[in-house]
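Student: Could you take me through one part of this protein closely? I would like to look at its largest nonpolar core: which residues make it up?

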Amino acid sequence: MGRKYIFTNKKESKKGIFSSVLGMIAFISVILAVYGTFQNQGQALVKYGVAVLFSLLFGLAGLVLGILSRMEQDRFYVFSYIGIGLNLLTIVSISFILYAGVYGL
């Protein structure tokens, strides 16, 4: 039996790649803000709050881009799924931080 090759002209979606990059930036920023707050004995500085606020905005924008890139036809969707996952993880982690801050643990 010979090997069968499938040739395609599919490409990765630029929106999906951008969504993944935004998700990585946002998630790493949240992790660094939590780590900085932990190192400061629980006292969150304003710069950490601003970083998390921008991470939330990046997460929302990245989620929208990930969904839009998944809706494109004839594309590879690996980066779309990675972007959607990272951005959802960022939004959920920020929501958990806000919930823990308001209601306590």
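Tutor: Happily; here is the core, followed by the fold around it. A word on the basis: this is a predicted model, in which local features need pLDDT of at least 70, side-chain atom pairs count only at pLDDT 80 or more, and totals for chains, interfaces and linings use all residues. Residues are numbered from 1 along each chain as its sequence is written, and side-chain values use heavy atoms, with hydrogens and water left out.

The largest nonpolar core consists of 5 residues, namely Val30, Ala33, Tyr48, Val52 and Ile94. By nonpolar core I mean a set of buried Ala, Val, Leu, Ile, Met, Phe, Trp, Tyr and Cys residues joined through side-chain atoms within 4.5 Å; buried is under 20% relative accessible area, with a 1.4 Å probe and protein chains only. At least two residues of this core come from each of helix H1 (14-39) and helix H2 (46-70); helices are DSSP runs of H or I with at least four residues, strands runs of E with at least two, numbered from the N terminus. Beyond its neighbours within four places in sequence, Ile94 is in contact (heavy atoms within 4.5 Å) with Val30, Val52, Ser55 and Leu56.

Now the surroundings. The protein has 3 helices and 2 strands, in the order β-α-α-β-α from the N terminus. Its C-alpha trace spans about 65 × 30 × 25 Å along the principal axes. Of its 105 residues, 30% count as buried. Among contacts with a separation of 6 or more, 82% link residues 24 or more positions apart.

Technical notes
Buried means under 20% relative accessible area, exposed over 50%, partly exposed in between (1.4 Å probe, protein chains only).
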